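Colleague: I am new to this structure and would like a close look at a single part, the surroundings of the ligand. Please place that part within the fold as you go.

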Amino acid sequence: MRLSILQPQPQRCHHPIKRSPRMDASFHRRKDKVVVIMGATGSGKSRLSIDLATLFPFSEIINSDKMQVYRGLDITTNKIPLAQRRGVPHHLLGDVDPSLPEFSPADFRRRAGQLITDITRRDNLPIVVGGSNSFVHALLVQDFHPHSNVFNHHEGLISSELRYRCCFLWVDIAFPVLSQYLRDRVDDMLHSGMVDELAQFFDPDASRPTGSGLRKAIGVPEFDQFFNKYPPWAGPAGPGEGPLRERAYEEAVRAIKENTCELAERQMGKIERLKRAGWDLRRIDATEAFRVVVTSGSNNGSDVWERQVLEPSVKIVKRFLME
Ligand code: ATP
């Protein structure tokens, strides 16, 4: 895969960032502390979380992507594959039955809150990772109102009073670089079997313009339109259908790329609102690491990633753990 560089890499023998004894000495001081990794879709949050959990080996990851909480559509929703998790425990990643009613921010607050209690009881460090800012907000604020989506209202509604001591890492990427990366990533997902996955998920009775839960994942509505015209069980294109079918397919792919870039833009806007509301987000600029991958498609981004993303993140987390 061309873009594999921004997936967690296999552990290397000579990792430049060594665990220091102080990382272990801070172990007993972490009681109410939570690390939160934020950023738009595709910004390398999963890779950073695995890199950090490898260096701080008492970490457990809680997923906060509202589509990845469901079981199924692993390629379409970009769940980190088991092989890349390097044995780090993951929670709320593919755990929820998609046939149940939609998993809400209130559900996330309850389930992830319980997980944080359990993880800290084990003397481990919870790392919350995912792009759904309404989930992160619901989990962390002291006063949560289940029936109001703060992002739909004016700025004043976002509270900065949080119920944990949080260390926020915000992985940010200049939008033109991120959008090119996201478009290339869709092509990679298609090569990895996304259409077959969506074909198996297709349900002509369930497909409506606005589905709920996992049916909202980008890729599902776009390919539902395609499969409604060309059902997966209808076999190869019939006479004269080839070019039409090809155009419908290209249209679905174009819409997925467009909608993914729009999602990233919305997510960036929400993160900026949290920052303006007083959340202490530490911005890490990953633009250069991504630019190398987007322009050369090679593995050269890895060193830049370690220097510009991983090292500053490690410093921030170390300081946080020792506070
Ligand atoms: P909202 O205010 O809309 O709840 P949010 O920040 O909680 O925002 P987002 O993560 O922005 O949630 O997700 C909004 C929509 O983006 C989802 O309903 C879905 O259509 C799409 N989406 C989000 N994450 C994914 C994903 N991993 N795979 C596919 N589609 C996704």
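Modeller: This is a predicted model, and a good place to begin is its open sheet, in which six strands follow the order β3-β2-β4-β1-β5-β6 with parallel pairing. At the edges stand β3 (90-91) and β6 (281-285), and each has a single partner strand, so one side of each is left without a neighbour in the sheet. Further in, strand β2, made of residues 59-63, pairs with strand β4, residues 125-129, in the parallel sense over five bridges, and within that pairing Ile61 stands opposite Ile127 of β4.

From the sheet we can turn to the ligand itself, which is surrounded by 16 residues, the closest being Lys66, Ser132, Ser134, Lys216 and Lys270. Sorted by class, this shell holds four nonpolar, eight polar and four charged residues.

Some of the contacts can be followed atom by atom. In the side chain of Lys66, an N or O atom is 2.3 Å from an oxygen atom of the ligand, while a polar side-chain atom of Asp65 lies 2.9 Å from a nitrogen atom of the ligand. With Ile218 the contact involves the backbone, where a polar atom is 2.9 Å from a nitrogen atom of the ligand. Taken on its own, the ligand has 610 Å² of accessible area, and the protein covers 85% of it.

As for where the shell comes from, the elements that give two or more residues to it are α4 (133-140) and α8, and the largest share, three residues, comes from α8. On the scale of domains, both domain 1 (4-175 + 279-322) and domain 2 (180-259) give residues to the shell, so the ligand lies between them.

Since helix α8 gives that largest share, its geometry deserves a closer look. This helix runs over residues 242-276, and because each of its 35 residues is taken to advance it by 1.5 Å, it should span 51 Å, which agrees with the 51 Å that separates its end C-alpha atoms. Just after α8, Gly278 takes a positive phi of about 105 degrees.

To draw the picture together, the ligand lies between domain 1 and domain 2, with α4 and α8 as the elements that give two or more residues to the shell around it.

How values were computed:
Residues are numbered from 1 along each chain as its sequence is written. This is a predicted model: local features need pLDDT of at least 70, side-chain atom pairs count only at pLDDT 80 or more; totals for chains, interfaces and linings use all residues. Side-chain values use heavy atoms; hydrogens and water are left out. Helices (H or I, at least four residues) and strands (E, at least two) are DSSP runs, numbered from the N terminus. The expected span of a helix is 1.5 Å times one less than its number of residues. A residue is near a molecule or strand if one of its heavy atoms lies within 4 Å of it. A polar contact is a pair of N or O atoms within 3.5 Å; within protein, one must be able to donate a hydrogen and the other to accept it, and residues adjacent in sequence count only if both atoms are side-chain atoms. Accessible areas come from the Shrake-Rupley method with a 1.4 Å probe; for residues, only the protein chains shown count as cover. Ala, Val, Leu, Ile, Met, Phe, Trp, Tyr, Cys and Pro count as nonpolar, Asp, Glu, Lys and Arg as charged, and the others, Gly among them, as polar. Domain bounds come from an automatic or database domain assignment. Two strands pair if DSSP finds at least two bridges between them.
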